[in-house]
Amino acid sequence: MKIELTTYDIADRLLADEYGGWSRAGAFALAEWLEEYEQDCGESQELDVVAIRCDFSEYESLIDWASDYFMHWRGDLDIDPDLEEGDAEIDDAIRDHIQDNGWLIEFDGGIIVSSF
């Protein structure tokens, strides 16, 4: 027996996970992404909030992710050291790296990145 969840149901279950640390906007963005992923796969997926918590992390910005993931993110991502934070080239380089190695979910207020 299976129960089909709505976007709101999924987001509520993500938010109810006390160790998930999702923002409300992040939980809804992730819920929508999970629904799209399920549609693209063509198979029903089981919602496992613990696995999702282990596989995805939320950050306020691309630079926050890079700073958390790399000790020397500018050098590790071959970003020109003369570029200032906020420069679109920095965000593009970080975005490209994430998308080349995992999944990136961007939403108003932050990003969610898969572990890789």
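# A walk through the predicted model

In strand β3, I111 is the bridge partner of Y59, and this pairing is a convenient place to enter the structure, which is a predicted model. Y59 belongs to strand β1, which covers residues 56–59 and pairs with β3 in the antiparallel sense over four bridges. Strand β3 also pairs with β2, again with the two strands running antiparallel and with four bridges joining them. Within that second pairing, the residue of β3 that serves as bridge partner to F107 is G110. The connection from β2 to β3 is a hairpin with two residues between the strands, and G109, which sits in the turn, has a positive phi of about 115°.

How many of the five residues of β3 are buried? Five of the five residues in this strand, which spans residues 110–114, are buried, so β3 is largely enclosed by the rest of the structure. The burial applies to residues pointing either way from the strand: G110, I112 and S114 point one way, I111 and V113 point the other way, and all are buried.

From the strands we can turn to the charged side chains. The model contains three salt bridges. In one of them, D17 is paired with R53, and the closest N and O atoms of the two residues are 2.8 Å apart. This pair links distant parts of the chain, since D17 lies in the loop between α1 (7–16) and α2 (24–41), while R53 lies in helix α3 (residues 49–55), 36 residues apart. The two partners also fall into separate accessibility classes: D17, at 10% relative accessibility, counts as buried, whereas R53, at 25%, counts as partly exposed.

R95 takes part in a salt bridge with D92, where the closest N and O atoms are 2.9 Å apart. Where do these two residues lie with respect to one another in helix α6? They are three residues apart in this helix, which runs over residues 88–101, and because of that spacing they are separated by about one helical turn. D92 itself is partly exposed, its relative accessible area being 38%.

R95 forms a salt bridge with E106 as well, and here too the closest N and O atoms are 2.9 Å apart. This pair links distant parts of the chain, with R95 in helix α6 and E106 in strand β2 (residues 104–107), 11 residues apart. E106 is partly exposed, with a relative accessible area of 42%. Through salt bridges that share partners, D92, R95 and E106 are joined into one network. Strand β2, the home of E106, is also the strand that forms the hairpin with β3, which brings us back to the strands described at the start.

The cysteines call for a separate look. A disulfide is a covalent bond between the sulfur atoms of two cysteines. In this model the count of disulfides is zero. C41 is in no disulfide, and the nearest cysteine sulfur to its own, that of C54, is 20 Å away. Why is there no bond for C54? The closest cysteine sulfur to that of C54 is the one in C41, and at 20 Å this is too far for a bond, given that the two sulfur atoms of a disulfide must be within 2.5 Å. Are these cysteines buried or exposed? C41, with 36% relative accessibility, counts as partly exposed, while C54, with 51%, counts as exposed.

C54 has a further relation to a residue in another part of the chain. Y19 lies in the loop between α1 and α2, and although Y19 and C54 are 35 residues apart in sequence, their C-alpha atoms are 10.0 Å apart in space. Y19 is exposed, having a relative accessible area of 59%. The loop that holds Y19 is also the one that holds D17, the salt-bridge partner of R53 in helix α3.

The last feature to consider is the largest pocket, whose volume is about 720 Å³. It is lined by 23 residues, of which E38, S44, Q45, E46 and L47 are the closest to its centre. Helices α1, α2 and α3 each supply at least two residues of this lining. Which of the elements gives the largest share of the lining? That share, six residues, comes from α2. Sorted by class, the lining of the largest pocket holds 11 nonpolar, four polar and eight charged residues.

Notes
Residues numbered from 1 in each chain as written. Predicted model: local features only at pLDDT ≥ 70, side-chain atom pairs only at ≥ 80, totals over all residues. Heavy atoms only, no water. Buried < 20%, exposed > 50% of the residue type's maximum accessible area, 1.4 Å probe, protein only. Salt bridge = Lys/Arg side-chain N within 4 Å of Asp/Glu carboxyl O. 1 Å grid on protein atoms, 1.4 Å probe; cavity = no way out; pocket = protein on both sides within 12 Å on 5 of 7 lines; lining within 4 Å. Points joined across faces, edges and corners; volume = space filled by probe spheres on them. Nonpolar A, V, L, I, M, F, W, Y, C, P; charged D, E, K, R; others polar. Pairing = 2+ DSSP bridges.
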